[in-house]
Amino acid sequence: MRLTLSIWRQESPGTEGRFEDYEVQDASAEMSLLELLDRLNDRLVEDGLEPVAFDSDCREGICGTCGITVDDRPHGPVPNTPSCRQHLRSYRDGDHLRLEPFRARAFPVLRDLVVDRGAMDRIVEAGGFIAVDVGTAPDADAQPIPFRTAEKALDFAACIQCGACVAACPNGSSHLFTGSLLEHLATLPQGRPERGRRARAVAQAAEEEFGPCSVYGECAEACPAGIPLSAISAVNREALRARLRGARDD
């Protein structure tokens, strides 16, 4: 399979980027997008040229490290699938692909296809945790949780923090990610003691770093973890609950 790639090249955050065209003539339908970049980079290194920088780690769709925009779609053409699991069987011989980094104000480009997603880490630092005393871990059955409650919490905890929801949103909103975090911790009894404080801190951090929710749902289609669109409602709901209850819910 022969594919023509237009790839965003940018040496550093302060330099001007541009698209450069490359041709890969020995691609196969079984390759993932990242394996396609591997193949291209092998050739570039052999030719003494600078390889394309991109993020990857587990390549099993669970770490959230990878993430590129393919023809204006975060991660690629298949919905709810990370870049490392997007395969070339979605394309035909002779196709032209445009690869660029996730585009969002909160995700400055570091180099080529690599962006800084530290803004999402700062939301987690603001309240994406529970405070517990160190020491011996309690027994697993010390605090029984109904099956449906546990399953709901796990559904929202599935977020891999890849940032596709932000890149898909025309406003660069993080509501799907932020809402999944708040919903997950508010559902479980371990997260309820700090529920109000967490909601205020996380909502403020999200407002400072990201844009408002577009309410169109592009985020849910791009999310490789399948986080339900209902997560976005948790942001305003939890923040409003915290304001109404005040310090009583800290």
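**Exercise 1. Find how much surface the chain exposes, and what share of its residues is buried.**

Solution. Start at the outside: the chain exposes about 12,800 Å², and carbon and sulfur atoms supply 49% of that area. Please keep in mind that this is a predicted model. Next, turn to the inside. With buried meaning under 20% relative accessible area, 47% of the 250 residues of the chain fall in that class. For the overall dimensions, the C-alpha trace spans about 65 × 40 × 35 Å along its principal axes.

**Exercise 2. Describe how the chain is divided and how its two domains meet.**

Solution. First, count the elements: there are eight helices and seven strands. Then mark the division, with domain 1 covering 3-111 and domain 2 covering 117-248. Their C-alpha centres lie 29 Å apart. Now look at the contacts between them: 20 residues of domain 1 touch 20 residues of domain 2.

**Exercise 3. Locate the largest nonpolar core and work out where it lies relative to the domains.**

Solution. Begin with the members. The core has 57 residues, and I7 and F107 touch the most other members. Helix 1 (residues 33-46) gives the largest share, six residues. Both domain 1 (3-111) and domain 2 (117-248) contribute residues, so the core lies between them. A general tendency fits here: in soluble globular proteins, nonpolar side chains tend to be buried together.

Now zoom in on I7. Leaving aside residues up to four places away in sequence, the residues that I7 touches include F19, Y22, L37, L40, V52, L99 and L113. R18 and E20 are also among the contacts of I7.

**Exercise 4. Decide which side of helix 8 is buried, and say what covers it.**

Solution. Step one is the helix itself: helix 8 (residues 232-245) has 14 residues and reaches 21 Å from its first C-alpha to its last, close to the 20 Å expected.

Step two is to list the buried residues of helix 8, which are I232, A234, V235, E238, A239 and A242. They share one side of helix 8, because they cover an arc of only 165° around the axis. The spacing follows a general rule: an α-helix has 3.6 residues a turn, so residues three or four places apart point the same way.

Step three is the opposite face. Turned away from the buried side of helix 8 are the exposed residues N236 and L244.

Step four is the cover. Helix 5 (175-187), helix 6 (195-209) and helix 7 (218-222) are among the elements over the buried residues of helix 8.

Finally, check what comes after: helix 8 is followed by G246, with a positive phi near 60°.

Definitions and conventions:
Residues numbered from 1 in each chain as written. Predicted model: local features only at pLDDT ≥ 70, side-chain atom pairs only at ≥ 80, totals over all residues. Heavy atoms only, no water. Helix = DSSP H or I, 4+ residues; strand = E, 2+ residues; numbered from the N terminus. Expected span 1.5 Å × (residues − 1). Buried < 20%, exposed > 50% of the residue type's maximum accessible area, 1.4 Å probe, protein only. Arc of directions from axis to C-beta. Contact = heavy atoms within 4.5 Å. Core = buried A, V, L, I, M, F, W, Y, C linked by side-chain atoms within 4.5 Å. Domains from an automatic or database assignment. Areas by Shrake-Rupley, 256 points an atom, 1.4 Å probe, with all protein chains shown as cover.
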